Structure formats: C-alpha cells, structure tokens
There are 2 protein chains.
Amino acid sequence: MSDKKQQLLEASIDLFAREGFWNTSTASIAKHAGVATGTLFNYFPSKDALIDAVYMHLKHEWLQHIQRDYPVRADIKSRLEHIWYRNIDWGVRFPERYNLKQQLSLSGVLGAEAVDYEAEELAFLHELIQEGFNQGIFKEMSVDYFNSMVMAEMDATVRYATAQGLKDMALARLIALSSDVLWSGVAR
Amino acid sequence: MSDKKQQLLEASIDLFAREGFWNTSTASIAKHAGVATGTLFNYFPSKDALIDAVYMHLKHEWLQHIQRDYPVRADIKSRLEHIWYRNIDWGVRFPERYNLKQQLSLSGVLGAEAVDYEAEELAFLHELIQEGFNQGIFKEMSVDYFNSMVMAEMDATVRYATAQGLKDMALARLIALSSDVLWSGVAR
DNA sequence: CCCTAGAATGACTAATCAGTCAACCCCTAT
DNA sequence: ATAGGGGTTGACTGATTAGTCATTCTAGGG
C-alpha cells in the first residue's frame with residue numbers, strides 16, 4: 001500500500017474517531033494527512049469508499065491481532081480463551097479504533113463489499129465453535145447465535161474495562177471473570 | 001405533548017432509522033411530519049436538540065415497555081426474567097426503533113442531558129442487581145459490569161432474533177435459552 | 001539535458017444544509 | 001367588530017460539502 005493511501009486511512013481513523021465520520025469533511029482528512037483534496041480521490045473514488053476502506057482496514061488489524069500466536073492445536077477452551085484475551089487486549093489498547101469499528105458496523109453506511117468481508121475472515125471462529133458443538137460440550141444452540149453471544153460479551157467487557165481504565169492485574173482479573181461467565185453460560 | 005411535536009418526533013424516528021440521522025435534513029423531517037421547516041425550530045431549538053429528544057423519547061418508550069407488569073415483589077430471578085423477556089419483546093417488535101436507539105447511544109452525538117437521562121431511569125435494574133449481590137447469589141463482580149453484561153447479552157439476542165425473523169415458539173425458545181445462558185454465567 | 005507519463009495539486013462548482021424572519025393565519029377576549 | 005398575540009409558514013441566507021479538472025510537479029529513461 002502506498003504511503004499516501006496509508007496516511008489517508010490513518011488520518012480518517014483519527015478524525016472519524018474524534019468527530020464522527022458524518023461530520024468529518026474530505027477536505028479536513030486530506031489536510032490532516034498532508035495531501036491535497038484531489039489526491040484523496042485518486043486513491044478512493046468517493047467518501048463512501050473511503051469509509052468502507054477504513055472499516056476493512058480496522059477489521060484486518062483486529063483480526064491480525066487476534067490471530068497472533070493462535071494455538072491451532074490446543075483444545076477448544078484454550079483456543080476460545082486465546083481469542084477472548086487477544087480481542088479484549090486490542091479493544092483496551094486501541095479504544096478509539098475499537099469504538100469506531102463498532103460504530104461503523106452498526107451505522108448502515110457500509111457497502112456490500114465491506115459487509116461481505118466480515119464473514120469471510122471470521123471463519124476460524126466459526127470452525128472453532130462448530131468443533132465444540134461436534135464434541136457436545138456446548139448447550140444446544142445455533143453457531144450464529146453462539147457467535148453473537150461471544151462478540152456481545154467481549155464487547156461489554158471491553159467497554160467496561162475502557163470506561164474504568166483498568167490495566168494490568170485488574171484487567172487480567174476482569175478478563176478471567178468474563179471468560180468464566182461466558183464458559184459457564186454456554187457449556188453444558 | 002402537542003400534536004405537532006409528536007408528529008415531528010415520529011417523522012424523525014422514521015427517517016433516522018431509514019437514512020441515518022446524519023443525512024436526514026431538517027427540511028425532510030418537517031415535510032414528512034406535514035409541517036413547515038420553521039415549525040420544527042419552534043419545538044426544538046436545533047437539530048442536535050431534536051436528536052436528543054428522539055433518543056430520550058425512544059428510551060422512555062423502551063422503559064415503559066419493560067416496566068409494564070413488573071413483578072416488584074417476586075424473587076430476583078423472576079424479576080430479571082421479566083426484564084429479559086420484555087426487553088427482547090420490544091426489540092423484536094420495533095427493530096428500527098431498537099436499532100436507532102443503540103446507534104444513537106454509541107454515536108457520541110448525544111448531549112449531556114440525554115446521557116444523564118440514561119442512568120436515572122435504569123435505577124430499578126441497578127437495585128435489582130444490588131439486591132442479588134446482597135443475597136450472595138451472583139459471582140463477585142461490580143454492579144456496573146453485571147449491568148453491561150446483561151445489556152450486551154440482551155442485545156445479542158435481539159439482533160439474532162431479528163436477523164432470523166424468529167417469532168412465537170422459536171422466539172420463546174431463544175429467550176429461554178438466552179436467559180439460561182445468562183443465569184448460569186453469572187450465578188454462583 | 002530533455003521528454004513524457006503518471007502523480008499531485010488546490011481553486012472551483014453545484015448542491016445541500018441548518019437555521020432565520022417577516023409575513024400571515026386564526027383564535028380568543030374585549 | 002376589532003385588536004392582539006401565539007402558532008405557522010416557506011422563501012431566503014451564509015456556510016459547508018463532495019467531487020472535478022486544468023495545471024503543475026517529479027522521477028526516470030533515452
């Protein structure tokens with residue numbers, strides 16, 4: 001990815017998180033990125049396309065963070081705990097990015113491409129859940145619902161940890177607690 | 001509340017849900033409500049104030065719905081189940097309203113007044129949770145965190161039910177399942 | 001040193017927006 | 001009948017916006 005494109009994405013994330021995407025002008029993004037307004041439209045055909053790109057960029061970073069050191073061969077619980085820990089870690093470390101990502105996915109501004117991108121990359125989580133069901137360790141429910149539940153509880157945990165400014169020990173304790181709440185909720 | 005004010009709120013909810021609040025013009029709201037643009041500003045000093053009012057209106061409706069037939073004297077679990085059921089019922093019956101309300105609360109557009117309004121009316125849920133802690137039936141965690149968890153799981157359930165178009169029996173089964181997941185997650 | 005192609009520029013435009021205000025309408029009290 | 005006043009109107013304004021495009025710049029091959 002070219003320098004300028006990267007700068008434009010970074011500037012967009014900054015400003016979107018600070019002011020909201022709906023009242024951040026393309027002019028201010030270009031200025032903040034240190035390029036001319038016309039340049040923005042060399043890289044992104046429209047503001048909507050830029051927003052989509054920002055979303056996909058954030059999602060990609062997030063997934064990269066989660067998949068780091070993913071213990072492919074470990075048992076289900078350990079793998080789920082890895083995802084749990086890494087997700088919350090990302091959310092707490094980059095609260096503006098985390099929040100922006102959530103906001104974009106709820107806002108209804110994303111184009112079809114960005115929405116499709118969603119499911120595709122989360123395949124490894126789906127597989128993990130499916131495997132759990134095959135082994136009969138979870139209560140009976142659909143994979144999709146299980147997945148929503150996991151995401152929702154992670155989200156609640158990230159928000160709480162960020163609001164309280166939890167770090168280190170206190171954060172580790174919250175993560176352990178939340179993981180326990182999830183597991184005892186969904187396990188048979 | 002005057003007729004026109006009610007019409008303006010209703011029109012705003014419609015259009016905000018359909019197009020997003022950030023690209024719904026005050027002119028289109030007035031038109032949709034059957035009044036002149038100037039009239040809107042007789043009732044709301046600015047678009048921001050209108051958005052706040054929409055949020056508070058939705059929140060009020062939601063709380064009214066939840067508190068209907070609230071079994072004040074029942075035990076903790078029953079009361080929590082009542083809230084659970086009534087919340088999901090509202091979300092599934094009014095998906096655009098539900099979604100708009102969530103979107104507004106995440107968007108950062110709400111003024112201080114609307115945000116304060118939040119905590120105040122949820123007092124009865126806080127009390128319920130606190131009572132549960134006093135009785136020692138929940139795992140050790142903060143009331144706020146418990147509260148976020150409850151909201152997050154309800155949210156996941158509403159979203160899933162809406163996405164799948166669940167009704168009647170299927171919906172009742174999902175509600176029972178989700179309630180069980182929550183309870184076995186948080187209970188000691 | 002020159003030439004060319006693609007990247008970068010920023011002044012510009014056409015459209016849209018929130019909010020204003022002078023005029024008007026209609027109801028009520030005198 | 002008339003005066004007054006609060007509610008309603010919609011044309012209007014000044015500001016802002018996404019996106020364009022003629023022009024300038026730059027890097028690299030000949």
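Two aromatic rings (Phe, Tyr or the six-membered ring of Trp) count as a pair if their centres lie within 6.5 Å. Keep that in mind for the exercises below, and remember that this is a predicted model.

**Exercise 1. Which residues are linked by ring pairs into a cluster?**

Step 1. From chain A, take Phe16(A), Phe21(A) and Trp22(A).

Step 2. Add Phe16(B), Phe21(B) and Trp22(B), and you have the cluster that the ring pairs hold together.

Step 3. Zoom in on one pair, Phe16(B) with Phe21(B): the centres are 6.5 Å apart and the planes make 75 degrees, which is edge-to-face. Phe16(B) and Phe21(B) are both buried.

**Exercise 2. Work out what kind of pair Trp90(A) and Tyr98(A) make.**

Step 1. Start with what you need: a pair of aromatic rings is described by the distance of the centres and the angle of the planes.

Step 2. For Trp90(A) and Tyr98(A), the distance is 6.5 Å and the angle is 65 degrees.

Step 3. Planes over 60 degrees apart count as edge-to-face, so that's the label for Trp90(A) and Tyr98(A).

Step 4. Check the surroundings: Trp90(A) and Tyr98(A) are both buried. For context, the whole structure has 21 aromatic pairs over all chains.

**Exercise 3. What relation superposes chain B on chain A?**

Step 1. Look at the operation: a rotation of 180 degrees, with 0.0 Å of shift along the axis, brings chain B onto chain A at an RMSD of 0.0 Å.

Step 2. So we're dealing with the relation of a two-fold axis.

Step 3. Find where chain B comes nearest to that axis: the C-alpha of Gly185(B) is 2.0 Å away.

Step 4. Compare the contact surfaces: 100% of chain B's contact residues turn up again in chain A, so the same surface serves both copies.

**Exercise 4. Describe the protein surface near DNA strand C.**

Step 1. Sort the residues by class: four are nonpolar, nine polar and two charged.

Step 2. Ask who comes nearest. Of the 15 residues around the strand, the answer is Ala36(A), Thr39(A), Tyr43(A), Thr26(B) and Lys47(B).

Step 3. Turn to the DNA side: sugar and phosphate make up 63% of the strand C atoms that come within 4 Å of the protein.

Step 4. Now pick out phosphate contacts. A backbone N or O atom of Ala36(A) sits 2.9 Å from a phosphate oxygen. For Thr39(A), a side-chain N or O atom is 2.7 Å from one, and for Lys47(B) a polar backbone atom is 2.7 Å from one.

Step 5. Finish with the helices: α3 (37-43) of chain A and α3 (37-43) of chain B each supply at least two residues. The largest share, five residues, comes from α3(A).

Methods:
Residues are numbered from 1 along each chain as its sequence is written. Chains are lettered from A and ligands numbered from 1 in the order in which they are written. This is a predicted model: local features need pLDDT of at least 70, side-chain atom pairs count only at pLDDT 80 or more; totals for chains, interfaces and linings use all residues. Side-chain values use heavy atoms; hydrogens and water are left out. Copies are superposed by least squares on the C-alpha atoms of residues with pLDDT of at least 70 in both. Contact means heavy atoms within 4.5 Å. A residue is near a molecule or strand if one of its heavy atoms lies within 4 Å of it. A polar contact is a pair of N or O atoms within 3.5 Å; within protein, one must be able to donate a hydrogen and the other to accept it, and residues adjacent in sequence count only if both atoms are side-chain atoms. Helices (H or I, at least four residues) and strands (E, at least two) are DSSP runs, numbered from the N terminus. Ala, Val, Leu, Ile, Met, Phe, Trp, Tyr, Cys and Pro count as nonpolar, Asp, Glu, Lys and Arg as charged, and the others, Gly among them, as polar. Rings of Phe, Tyr and Trp (its six-membered ring) pair if their centres lie within 6.5 Å; planes under 30 degrees apart count as stacked, over 60 as edge-to-face and the rest as tilted. Buried means under 20% relative accessible area, exposed over 50%, partly exposed in between (1.4 Å probe, protein chains only).
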